[in-house]
Amino acid sequence: MKKGEVYKGFEVIDIKKIPGCASKGVYLIHKESGLEVFHLVNKDPENLFAFAFNTPSKDSTGAAHVLEHSVLCGSKKYPLKDPFLQLANQSINTYLNAYTASDRTVFPASSPEKSDYFNLMSVYADAVFFPLLKEEIFSQECCRVEYDEKNTPSLQGVVYNEMKGVYSSFDSVVSSEDESSLSRGTIYEYDSGGNPFVIPTLTHKALKAFHKKYYCTSNCRVFLYGNIPTEEQLDFLYENVIARCRSYGKPAVMKSVIRKTPAEHFVEAYGPCEENSDKKSVSNINWKISEEDFRKDISRISLEVMFLSDLLWGDDCAPVTKALLESGLGDDISHQSGVDVNRLEPVITLGMCGVQKEKAPEVRKLILKVLEDVCRNGISKGDYERAVMGFEVANREVLRFNGPYSLVLMRRSLRGWCYGEKPWTTLMFADEFDRLKKRAAADKNYITSLIKKYFLDNPDWSFVVTTPSLEWNSNRDSIEKKLLKERIAQSTVPELKAELKKMYDFQNAPVPEKARNCIPHLKVSSLKKIDDRIDTKHTLVDGIPLFTNEENTNGITYADIWFPADVLKSSYYPYLPLFCECIVQCGWKDVDWNDALLKIQRTMGSLSFTTKASAVPECSSQLAREEPLTVGREWLCMRFKFLSEYAAQSFEIVKDCICRTDFSDTERIKTIINAVYANAASSIVSGAHVYAAMRSSCTDSRNGAVNEIWQGITQVFTLKKIMKEGEAGVAKKFRKIFSAIKKGGCLIHITSDSDGLESVKKLLPSFIKRSALVPLKKKRNIKDGKFYKLTELPGKNCAGSETALYDEVVIIPGTVGYASTNIKCSPYDTKEAMEDCVLTHYLETTDLWKKIRTEGGAYGVFFSANSISGYSKFGTYRDPKPFLSIDTFRKYLEEIGSKEIDAVDVEKSITGTYSAEIEPKSPATRGMTGIFRELYGFSGEQKLRRLEWLLKITPEDLRNAALRFEAAPRKGKTVVFTSKTLLSDKIEKKSGKIITLPL
Ligand SMILES: [Zn+2]
């Protein structure tokens, strides 16, 4: 394609090379319909598309949000109730989602397989442009009056309940108070997600009008990424969208200000309050950049404010954060601190949480004082270099977070494109950053002038102090009751009940066979075997094993040094997670922790230390015996990354860390212990299902026990014990551990591109010598029993181990529970193992879904075969009846051999399992997978064999797997994490041990 060329009515506006993502950007506009398309063309087979619409709000009814949900509930070509769910289950998508931002709604999806990609696009295009928007769906998604068995009315609805959840979170209320304090008189005054007080006023008619106005081709931007030719995509869009549209609509007017409203500087706000809350406030200063200013240079201003936030409070040693933490005015920097540049009026927020309300003004004074000091004295070289390094690494690194990296590019592009800029304006991040660095180099007052402009001299600011209040809770309750009354008064009870019945009938109506299969489903025969062998090379450098992975890392080098932990006595094991935290955060002999941290961050992307252990699959046990120094061990892994040109300086720092860490700063160790404990304690409720699963595996194998000691609730008990022991004793132990670890030898692993690998190889001999690293020593001979002993926790013994139905019951805060148990499955390198995988996936999405979620009321249910450990794990998430779930699961297993197995569902489960097996990896993850396979005896060949087996699985195979499950002995430990309220005398009598967490 060439600039000026016209293809099916699409004119090529421009073609541009986009450095930084190895792509060519093709920008097209379909003249007649106004549809805009931007395609980042490159070699990546994982293609992504996104439909984006500008959807500015004129009230807080949440029309944009309700619409985002509703369009995915049935469309002209796909007249189903839940095409979205169906699609998710039978496609190999690597991302499939939709979101409502403050002024736009975006529908992105991606897939590594072309036919699957077009299936996704077909369903999404039909959903956004031709949705059915049925009244029943509106009742289901927005808000309705519902009557329970006792005939008590209440307001219900998917979006309504979702937003009620948001408004009952203190942090979300703080964010919205901060934002709205500066947004009065603008479109951002309204909540695009919907305020539960206003959502009930949205009507079906208004929703349809909203769709007509905004979901039209003239207001749509299509972002494309990947290797499918642009022409093919345009053919698709032309046939499936443009040719079918009756009208093309108009672009939405994007303007922030709707009326003049003077800024309110000091705001006192309130938010939801927990029963035993200490009622401490969050105090935030907010600054706004006006639309007029922002539009002058969106790309430059976005980058400047993002850089400032990193520089001033991006880290514990950054000037504002350091001053706030040392002041003791509150617990921590507030969660809202940061910048939002995805709006016409960017907002910067900075403050503290856990503040006594009367101390709030001091927080503001202190922040302003630090900013003034920085302006007066200039920004320090160390701080500047730290922030620059953070940006450089982030800019170059190709990462995956819950989806492909192209999502990051999509968000960057839309940032300017949605406001009428060219789609690449905000995408050329690296160029913009180079300009920033040049300006900073040429003018020593440049950075401080930015601080003055965006903070100190900015007239658009507010200071918001938000405090939890029980009164706020009760106020909301009474307003809610009033709303319900009004809603009922507008109608009559029979009318409301008729509406409800209509919705239920719709939900319960069986789907006709024809409609059920209308969603294009990927045939197993079209799934390709994907070879994900990773080439890991192995040599020796001065007796130390060196493993390397050559990957396209974009100029970043990832290095890890593995020290075996199993040279230690078992009694040291519980201390290792904390030991790992302290090594990189404690400073070195003669270098204070703060300076050491700053040095690390100025030079490298990151440096961390972690414990690592896995089981070796049965098929590799011979290998483990032949290679006892490298295969099947427990490790401490020191991992760091840096820009390849900083290799020498980075290894110098790592050498210092290895040779000079002496754990002499016991004050710092104390702070770290407290922080690690607080983190672990707060993660228990949100991650209880993970903790429960770990606990239920702790007697399966030595590996299960070691992971429980390091990452399970056992670690919470350990930390509590360490706190009592005191930091001086811990420091002494750490010195002993470190010296023993260093004597145990190590291996080194590097992932980089060829230049990066070359430069590191040159450095290694001197690094090894000066760090006094030695070759690997043998594992210490310890009986497994010693590790099992370390996982034993104090508690109240109830039923004997023979009669107990639930081996362990762990009491946690909250109102729900989490159940976990496991049963034996087939060994890794066998066809049966793949059958187990498909069967568990099948059950998780069919029978167990129905029994545990739909009927039992749990929020989530998991069942997955882990053939490496040899166990299939069953678990529930946010479960109101965790004990019953265990009973239900056991009973189900007893008769599973005689269950019907549906051939179509089997095919979908194969696709689902396949999708998880072939998930693409980032370069860093590929390197890590490479070394992991070496250290635990996995190979790419095994993986390939597994895929071959997977694609041949038949319903008959699953029936056999089911029979195996039915016959498997009950062995794994059953663990239930539960709130006290769910525990009865009857259940206590059936429980082995009741453990209360030392929180
Ligand atoms: Zn939602």
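This is a short tour of the structure, stop by stop, with something to select at each one. Keep in mind that you are looking at a predicted model.

**Stop 1: the domains**

Start by colouring the chain by domain. Domain 1 covers 6–256 + 479–516 and domain 2 covers 274–468. Domain 3 takes in 537–663 + 737–787, and domain 4 runs over 816–978. Now turn to domain 2 and domain 4: their centres, taken over C-alpha atoms, are 44 Å apart.

**Stop 2: the zinc ion**

Next, select the zinc ion together with His65, His69 and Glu162. Each histidine donates its NE2 atom, while Glu162 is listed for two OE donors. These protein donors lie 2.1 to 2.6 Å from the zinc ion. Along the chain their spacing reads H-x3-H-x92-E. That pattern joins distant parts of the chain: histidine 65 sits in helix α1 (residues 63–71) and glutamate 162 in helix α5 (residues 158–167), 97 residues apart.

What is the geometry of the site? It is irregular, with angles of 53 to 150 degrees among the 4 donor atoms.

Are these two residues buried or exposed? Histidine 65 counts as buried because its relative accessibility is 5%. Glutamate 162 is partly exposed, with a relative accessible area of 36%.

**Stop 3: the largest nonpolar core**

Now show the side chains of Ile561, Phe563, Phe579, Ile748, Phe767 and Phe977. Within the largest nonpolar core, which has 82 residues, these six touch the most other members. At least three residues of this core come from domain 3 (537–663 + 737–787), and at least three from domain 4 (816–978).

Zoom in on phenylalanine 767. Setting aside neighbours within four places in sequence, phenylalanine 767 contacts Ile561, Phe651, Val654, Lys655, Ile658, Ile748 and Leu773.

Another core, of 76 residues, lies apart from the largest one; Val305, Phe307, Tyr405 and Val465 are among its members.

**Stop 4: helix α33**

Select residues 882–894, which form helix α33. From first C-alpha to last, its 13 residues reach 19 Å, close to the 18 Å expected at 1.5 Å a residue. The buried residues here include Phe883, Ile886, Phe889, Arg890 and Leu893. As a rule, an α-helix has 3.6 residues a turn, so residues three or four places apart point the same way.

**Stop 5: glycine 930**

Finish at glycine 930, in helix α35 (residues 923–936). Glycine 930 is buried, its relative accessible area being 2%. Beyond neighbours within four places in sequence, glycine 930 is in contact with Ile534, Thr536 and Asn549. Add histidine 749 to your selection: 181 residues separate it from glycine 930 in sequence, yet the two are 9.7 Å apart in space, C-alpha to C-alpha.

Definitions and conventions: Residues are numbered from 1 along each chain as its sequence is written. This is a predicted model: local features need pLDDT of at least 70, side-chain atom pairs count only at pLDDT 80 or more; totals for chains, interfaces and linings use all residues. Side-chain values use heavy atoms; hydrogens and water are left out. A nonpolar core is a set of buried Ala, Val, Leu, Ile, Met, Phe, Trp, Tyr and Cys residues joined through side-chain atoms within 4.5 Å. Buried means under 20% relative accessible area, exposed over 50%, partly exposed in between (1.4 Å probe, protein chains only). Domain bounds come from an automatic or database domain assignment. Contact means heavy atoms within 4.5 Å. Helices (H or I, at least four residues) and strands (E, at least two) are DSSP runs, numbered from the N terminus. The expected span of a helix is 1.5 Å times one less than its number of residues. Donors are N, O and S atoms within 2.8 Å of the metal (3.2 Å for Na, K and Ca); water is not among the atoms, so sites may look incomplete. Four donors count as tetrahedral if all angles lie between 85 and 135 degrees; four count as square planar and six as octahedral if opposite donors are over 155 degrees apart and all others between 65 and 115; anything else is irregular.
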